[in-house]
Amino acid sequence: MSRITNDNPPKRGEQLTSTELNQVFTEVNDAFPMDGDNVRNEGIEQPSFNLSGTSGKSGIILIAADDDTDTGTTIVPANEATSAPYDSATVVHTWSTLITFNNNKIMRVYWQFENAVAGTGNAQPITADTNATAWAVWLEWQLSSGGSWEEVPNQSDFEDLIESPATNGAVTYRTYGSTIVNHVYIHEHSSSTEVDFPPDRTGYGCWWYQAKQNYTIYGLRLMCRGLIQNFYADNPTSGDDTNAWELVDSPASTHQITIGASNIAYMIMEEK
């Protein structure tokens with residue numbers, strides 16, 4: 001490891017001059033010069049992202065990578081149905097692309113999207129005691145040319161039956177390919193309750209998966225629906241008690257989210 005040697009460092013209580021300050025930075029740069037070797041050796045994961053590499057210092061090699069941007073705008077209204085069949089989820093970004101994803105390879109998908117929510121504080125399902133209320137954006141893939149779309153592994157469409165007779169949504173361990181977008185802030189004071197809606201912002205998400213078989217992927221897309229509220233499922237239809245999200249009914253003309261420009265990017269990697 002390089003060692004920094006300060007010949008005449010500034011002392012406490014002394015006036016700091018530009019000459020002394022420049023000397024300190026010069027000594028640091030002498031020990032750690034910003035040259036190609038140090039950028040290569042110290043860059044986080046940088047060796048892994050060399051498409052022509054045959055080995056990676058971190059033990060993972062990048063095989064393929066690509067991304068897609070959608071500049072369109074989609075308005076997603078809230079679900080109004082009180083039970084199944086619920087209002088359909090909305091497609092907010094579709095990317096038709098051919099990806100080879102073979103056994104034991106690692107896939108990392110990242111996405112981001114501009115979004116703006118709209119609502120009214122006194123409209124169902126928002127009350128002074130409302131728990132977290134949000135929108136769900138999640139990743140799906142297409143595994144045959146022109147075929148159906150399905151959620152990526154470990155991901156729900158937020159319509160699973162969680163508790164009988166009619167509590168549908170998603171348990172949290174089936175939301176690994178999701179972004180949860182907050183819809184409202186509720187501020188309770190001693191004598192009043194205030195409701196605020198977030199400003200326009202950008203949402204982010206990611207999904208990582210190691211293949212247990214060979215896949216040919218013909219497309220990736222982002223879906224959106226809401227509103228959802230969190231709850232604790234203490235009598236689930238299967239599995240242990242768990243945290244979950246419930247798909248609730250809301251007036252579609254009142255509660256909406258607008259998804260703006262979005263980007264999806266993927267990387268296929270393998271261990272070496």
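Over the ring of which residue does the charged end of Arg108 sit?

**View 1. Charged side chains over aromatic rings in the predicted model.** The charged end of Arg108 sits over the ring of Trp208, at 4.4 Å from the ring centre. A second arrangement of this kind involves Lys212, whose charged end lies over the ring of Tyr209, 5.6 Å from its centre.

**View 2. The tilted pair of Trp138 and Phe158.** The model holds six aromatic pairs, and in this one the ring centres are 5.5 Å apart with 45° between the planes. Trp138 belongs to strand 5 (residues 133-142), whereas Phe158 is in the loop between strand 6 (149-151) and strand 7, so the pair ties together parts that are 20 residues apart in sequence. Trp138 is buried at 1% relative accessibility, and Phe158 is likewise buried, with a relative accessible area of 0%.

**View 3. The edge-to-face pair of Trp141 and Trp207.** Here the centres are 5.5 Å apart and the planes meet at 80°. Because Trp141 lies in strand 5 and Trp207 in strand 12 (residues 201-210), this pair links parts that are 66 residues apart in sequence. Trp141 is buried, with a relative accessible area of 1%, and Trp207 is buried, also with 1%. Both residues belong to one aromatic cluster, together with Phe101, Tyr209 and Tyr215.

**View 4. Glu163, a buried residue without a salt bridge.** Glu163 is found in strand 7 (residues 160-163), and the nearest side chain of opposite charge, that of Arg174, is 15 Å away. Leaving aside neighbours within four places in sequence, Glu163 is in contact with Phe231, Tyr232, Ala233, Asp234, Asn235, Pro236 and Thr237.

Methods: Residues are numbered from 1 along each chain as its sequence is written. This is a predicted model: local features need pLDDT of at least 70, side-chain atom pairs count only at pLDDT 80 or more; totals for chains, interfaces and linings use all residues. Side-chain values use heavy atoms; hydrogens and water are left out. Helices (H or I, at least four residues) and strands (E, at least two) are DSSP runs, numbered from the N terminus. Buried means under 20% relative accessible area, exposed over 50%, partly exposed in between (1.4 Å probe, protein chains only). Lys and Arg count as positive and Asp and Glu as negative; His and the chain ends are not counted. A salt bridge is a side-chain nitrogen of Lys or Arg within 4 Å of a carboxyl oxygen of Asp or Glu. Contact means heavy atoms within 4.5 Å. Rings of Phe, Tyr and Trp (its six-membered ring) pair if their centres lie within 6.5 Å; planes under 30 degrees apart count as stacked, over 60 as edge-to-face and the rest as tilted. A charge sits over a ring if NZ of Lys or CZ of Arg is within 6 Å of the ring centre and within 35 degrees of the ring normal.
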